[in-house]
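Hi,

Here is the model I said I would pass on. Have a look at it first, then read my notes below.

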Amino acid sequence: MFRARLHFPWIRSTLQTTLKLPADTSRTESVRRIQNLRLPHIGCRSRTVNNQNIRRMASGGNEPKEEAPKQGNRLISSKSPYLLQHAHNPVDWYPWGEEAFEKARRENKMIFLSVGYSTCHWCHVMEHESFEDPETAAVMNEHYVNVKVDREERPDIDKVYMQFLLMSKGSGGWPMSLWLTPDLAPLVAGTYFPPKARYGMPSFTTVLKSIAKRWETDRQSLEAAGSNLITALQNNQDAGAVAEAAFGRGSAIEKLNEAINIHKQRFDQDNGGFGSEPKFPEVPRLNFLFHGYLVTKDADVLDMVIHTLEHIGKGGINDHVFGGFARYATTKDWHNVHFEKMLYDQGQLMTVFGNAYKVTRNEVFLGYADKIYQYLLKDLRHPLGGFFAGEDADSLPTHDDKVKVEGAFYAWTWDEIKDAFKKKAERFEDITPEKAFEIYAFHYGLKPPGNVPAYSDPHGHLTGKNILIVQGSEEDTTANFNIEAEQLVKLLETANDILHDVRDQRPRPHLDTKIICAWNGLVLSGLCKLGNCYSAKRDEYMKTAKELLDFLRKYMYEPEKKLLIRSCYGVAIGDPTLEKNETQIDGFLDDYAFLIKGLLDYYKATLDVEALHWAKDLQETQDNLFWDEKNGAYFFSKQDAPNVIVRLKEDHDGAEPCGNSVSARNLVLLGHYYNEQAYLDNAEKLLNFFAEVSPFGHVLPEMMCALLMQQHGLDLVAVVGPDCPDTQRFVEICRKFYIPSMIIMHVDPANPEDGSNQRLHTKFKMVGGKTTVYICHERACRMPVTDPKTLEDNLMTYFFSKRA
């Protein structure tokens, strides 16, 4: 998964001999399973802990401890919600920057670096246990210069040190805890440390003091080790492509079959998804399987992805009450979950559910996507059109409580739901609230003592609670109660609306009001994919997409320099205030790649050529800032970025696809839209740089799709005619199909200068004065079509004739 794995043994040996720290050796079986997944974005923690109540974990006893007097530190002027959460810790925190590093060099102190994000559950735990504790803070302040980083605001810093953590430990997660030399060389890395020794882990203060002592007594060897580590990382990133591994003719099918076989081996036949718990949506993997099915016509491939999406949609990971999806499931049946809701998941899931609808025409998938859309508009949208980063897993059980617990906002007791239905009995019209509750409880698997398995609830937060999950089907429920399907749908909608109103009276989880360019690019893609399903709400989806595009162009782009801005900050839902950092954080690779992808999807959904031209401009900037002229592929951060010790090239698709995977696809599409060979040449160089990654299609499923497009060519649909309803009708037919390698070009004979590819204006003409469609593959075109029904039949024949 990482080229740097080559250095694992050497790094581990260095750490063991240089730093004699207490070993973290006692792990539960669930911990081993998590670590064996080797997922770098595994949630806010990659370690589970034994059965403890969160209040006791936060206080060290049965009752919450009294809060220490609040005092501001250097984070108080930050805009990041995560940094502001720590702005009143007794720890003398610094934001990432030269002030902290100069102090470390001047005082010959190590740097303690803590990385997390504001919706991270285990980040909250470590803050309450350690960073809010005056005695722990005193140890930190005495021995270290302490630095806080929001991983979402500064992913360049997070990725560098996460790679070191993965190299040295074999797994990662947040909060990420690191000890650095004053020159930023990493020496020791971990995630969560408890305040007292437990779970086989040493206490945080023990680790702090042990490392500080080693720094005082054997600094020279530590500094040498740090220098060697940096050299190893830099050499690893400077490595060129392996010529022998370059993709030859036909290798895409070989890699495709290899990846499909691995997915079949790991597929959970009963519950969908891959492997055991925890389970993530892994959308890049699901989109790859759709693409793989289209190429192979292997019905088993289609079954894997549809079965998975059905279980995700029915599972507790789906917020059945209102909409949106939780971060991941802690049980293999998708029942119990880690409740934080992240924007990047919502954007990607809109896309994959839209794809599922196009392939199956099953309205259920369209319904899941639309509920995500409703959630985004109500709970994550800034009034000016951008979308916030996400919502926390933790919240206060009641307005009188002082300590947040995970899932308090989303879980229900048996009596809570029954009482809510009784209070709104009139809303069920011709059915009693008792009967409505009986049906609802059957459909969503509710139980009087709660339905959450105890093994998946180590803190006891969900004791006596229910998480809604559909373990049967609508057909099962209608048959059991002898009611019509329409009655059931109406009853469930009414019941969930009642519970939504009740839930909105609860204390809400923390909202991270950071607006991240890359993640909004994923939402732009999702909105466009959803719009292209042509439901009755298409105009609404596309209006939201247009407002998002305008927001990004106005507030997250510097047109004079053609530079993207990583993030800006709202205040609250409904508040139009928009803030920016005093020191601007420029966009990283993912910001460019994801937004370019969104713009290409927007062009396909609207034929707005201005979006296509902006994508081209952004690609030029991306190439200038991140392209490796010597070896190919893109670095994550720009050259000469201050205080970034290594420029990484990500080589795996995780919770989000990596920027190189998305860029490979973008380059292939731009090469054909603009008929420019330079884009295609760079796509080939990029793909060959990662050709040695193995197994390629499993580690890089999104890039595997790009390889298929690059080797097999694209399907060009040229619609020749004036901008009129007849022309739009042809375009709509094309958009309704799931054809990932398809690009649509409108050729308007009256306005040849409006197109991106002038060659098309000379090649394609209207036939008989009618709007005419040409379907071409690698410049070989089928007979022109002037009848919409014939076009639809042809597309079905060309692309889906062998569908199971």
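Residues 1-43 have a pLDDT under 50 throughout, pLDDT being the predictor's confidence in each residue on a scale from 0 to 100. The model still gives that stretch 109 contacts beyond four places in sequence, a contact being heavy atoms within 4.5 Å. Residues 45-68 are also below 50 in pLDDT, and they have 69 contacts beyond near neighbours in sequence. Over the protein, the average pLDDT is 88, and 90% of the residues score at least 70.

Some housekeeping: this is a predicted model, so I kept local features to pLDDT of at least 70 and side-chain atom pairs to pLDDT 80 or more, while totals for chains, interfaces and linings use all residues. Numbering runs from 1 along each chain as its sequence is written, and side-chain values use heavy atoms, with hydrogens and water left out.

On to the inside. The largest nonpolar core has 258 residues. By nonpolar core I mean a set of buried Ala, Val, Leu, Ile, Met, Phe, Trp, Tyr and Cys residues joined through side-chain atoms within 4.5 Å; buried is under 20% relative accessible area, exposed is over 50%, and partly exposed is in between (1.4 Å probe, protein chains only). Y161, W179 and Y440 touch the most other members of that core. The element that gives the most to this core is helix α22 (residues 589-606), with 11 residues. Helices (H or I, at least four residues) and strands (E, at least two) are DSSP runs, numbered from the N terminus.

If you want to start at one of those residues, try Y440. Apart from neighbours within four places in sequence, Y440 contacts V321, I417, F421, L446, L468, L492, A495, N496 and L499. I417 and F421 turn up again in helix α16 (residues 414-423), where the buried residues are W414, I417, A420 and F421. Looking down the axis of α16, those buried residues fall within an arc of 145° (taken from the directions from the helix axis to the C-beta atoms), so they line one face of the helix. Among the elements that cover them are α17 (433-443) and α19 (485-503).

Next, the sheets. One is an open sheet of five strands with mixed pairing, in the order β1-β3-β2-β4-β5; two strands pair if DSSP finds at least two bridges between them. β1 (93-95) and β5 (186-190) are the edge strands, each pairing on one side only. On average, neighbouring strands here are turned by 30° against each other, direction ignored. Helix α8 (residues 155-169) packs on this sheet and touches β2, β3, β4 and β5, its direction making about 80° with that of β5. Axes are lines fitted to C-alpha atoms, for helices over the stretch in contact, and angles run from 0 to 180 degrees between N-to-C directions.

Strand β2 (residues 110-116) deserves a look. Seven of its seven residues are buried, so β2 is largely enclosed by the rest of the structure. Both faces are covered, with M110, F112, S114 and G116 on one side and I111, L113 and V115 on the other. β2 runs parallel to strand β3 (residues 144-150), joined by seven bridges, and antiparallel to strand β4 (residues 176-180), joined by five. On the β3 side, S114 has K148 as its bridge partner and V115 stands opposite V149. On the β4 side, F112 is bridged to W179, one of the three core residues named above.

There is also an open, mixed sheet of four strands, in the order β18-β17-β19-β20. Its edge strands are β18 (742-747) and β20 (780-781). Six bridges link the antiparallel pair β17 (residues 715-720) and β19 (residues 772-777), with L716 opposite C776.

Finally, some backbone details to check:

- E277 to P278 is a cis peptide bond with omega near -5°; P278 lies in the loop between α11 (251-266) and α12 (283-296).
- S694 and P695 are also joined by a cis peptide bond, with omega about -5°; P695 sits in the loop between α25 (677-689) and α26 (696-699).
- R361, not a glycine, has a positive phi near 60°. R361 is in the loop between α14 (343-360) and α15 (363-380) and is partly exposed at 36% relative accessibility.
- Y534 has a positive phi of about 55° without being a glycine. Y534 is in the loop between α20 (517-531) and α21 (538-555) and is buried, with a relative accessible area of 19%.

Cheers
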